[in-house]
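This report covers cysteines, aromatic pairs, the surroundings of one arginine, overall architecture and model confidence. The sequence and structure come first.

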Amino acid sequence: MNPAISKIDPQKLKGRDARLYLEWKDLDALCEKRKRESANPFKPSLSYIIRRKTPTGLPTEYEILYRCKSIIGVEGEEKPRKPIFGDLHKMSVVLPNNYPSADGNPIFTFVSDIWHPNIRYSGSFKGHVCLTIKEMGVLASIKDLVLRVERYLKYQMYHAQNTYPYPEDQGVAEWVREEGEPNGWVKFAQDKPEPPAPKPTEPSDEPQAPKKRSLSI
């Protein structure tokens with residue numbers, strides 16, 4: 001656990017502060033778990049940086065770092081355009097002053113390029129993430145939303161059809177429908193099922209030579 005979390009007494013927190021504390025604690029636990037599971041603890045698949053806090057030390061703005069294979073753009077202009085992949089992706093999470101409420105949803109924005117139909121690729125709202133969850137600031141935790149975006153990055157979840165709730169980026173959605181899906185480009189290697197574990201070898205009926213004993217020196 002982040003030492004700063006343990007210095008805060010949750011019994012003294014009320015209202016918004018209590019929610020901010022709980023969100024921080026849950027997100028931190030998730031990232032600590034990923035760190036323990038990572039082959040390189042300095043580069044876990046999921047981590048965070050606190051960018052802004054309240055006067056009481058509770059985070060109101062995070063930077064989330066995802067380390068996974070995802071599409072960050074496409075090559076050229078002639079169709080079909082092959083995807084360009086990246087492995088490190090950064091997203092800002094801002095919790096407004098009226099969070100959590102139906103009008104105070106958290107704002108998720110990628111600060112690095114992401115090519116996904118539910119994330120704005122260009123324009124004045126570049127990087128904006130559409131999570132397609134009503135009242136998500138009330139009904140969903142930050143941890144769950146961060147995990148949902150991770151599924152976006154891996155193309156395990158996306159909405160590219162021109163139907164409600166409609167894609168955030170129509171150009172990317174068109175690429176997914178007409179180029180990405182037909183060519184299998186939205187299926188990544190890490191999404192393939194893991195190979196089955198090797199079957200245990202059956203004992204042989206043939207007599208085996210006795211094992212040589214090692215001599216201690």
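## Cysteines

The count of disulfides in this predicted model is zero, a disulfide being a pair of cysteine sulfur atoms within 2.5 Å. In general, a disulfide is a covalent bond between the sulfur atoms of two cysteines. C31 is buried at a relative accessible area of 7%, and C130 is buried at 16%. Buried means under 20% relative accessible area, exposed over 50%, and partly exposed in between, with a 1.4 Å probe and protein chains only.

## Basis of the values

Residues are numbered from 1 along each chain as its sequence is written, and side-chain values use heavy atoms, with hydrogens and water left out. The model is predicted: local features need pLDDT of at least 70, side-chain atom pairs count only at pLDDT 80 or more, and totals for chains, interfaces and linings use all residues.

## Aromatic pairs

The whole structure holds seven aromatic pairs. Rings of Phe, Tyr and Trp (its six-membered ring) pair if their centres lie within 6.5 Å; planes under 30 degrees apart count as stacked, over 60 as edge-to-face and the rest as tilted. One of the pairs is Y48 with Y62, edge-to-face at 5.8 Å centre to centre and 80 degrees between the planes. Y48 belongs to strand β1 and Y62 to strand β2, so this pair ties together parts 14 residues apart in sequence. Y48 is buried, with a relative accessible area of 15%, and Y62 is buried at 1%.

W175 and W185 form a stacked pair, 6.2 Å centre to centre with 15 degrees between the planes. W175 lies in helix α5 (residues 170-180) and W185 in the segment after α5, so the pair ties together parts that are 10 residues apart in sequence. W175 is buried at a relative accessible area of 0%, and W185 is buried at 18%. Ring pairs link these two tryptophans with W115 and Y121 into a cluster.

## Charges over rings

A charge sits over a ring if NZ of Lys or CZ of Arg is within 6 Å of the ring centre and within 35 degrees of the ring normal. The charged end of K126 sits over the ring of Y121, 4.8 Å from the ring centre. The charged end of K69 sits over the ring of F85, at 4.5 Å from the centre.

## Surroundings of R81

R81 is in the loop between β2 (59-74) and β3 (83-94). R81 is buried, with a relative accessible area of 16%. Beyond its neighbours within four places in sequence, R81 is in contact (heavy atoms within 4.5 Å) with V74, E75, G76, W175, E179 and W185.

## Architecture and surface

The protein has five helices and four strands, in the order α-α-β-β-β-β-α-α-α. Helices (H or I, at least four residues) and strands (E, at least two) are DSSP runs, numbered from the N terminus. Of the contacts with a separation of 6 or more, 52% are between residues 24 or more positions apart.

Of the 217 residues, 38% are buried. The accessible surface is about 13,800 Å², with 52% belonging to carbon and sulfur atoms; these areas come from the Shrake-Rupley method with a 1.4 Å probe, and for residues only the protein chains shown count as cover.

## Confidence

The mean pLDDT, the predictor's confidence in each residue from 0 to 100, is 86 for the protein, and 84% of the residues score at least 70. Among the elements, strand β1 (residues 46-53) has the highest mean, 98, and helix α3 (residues 136-139) the lowest, 64. Over residues 193-217 pLDDT stays under 50, and the model has zero contacts beyond four places in sequence for these residues.
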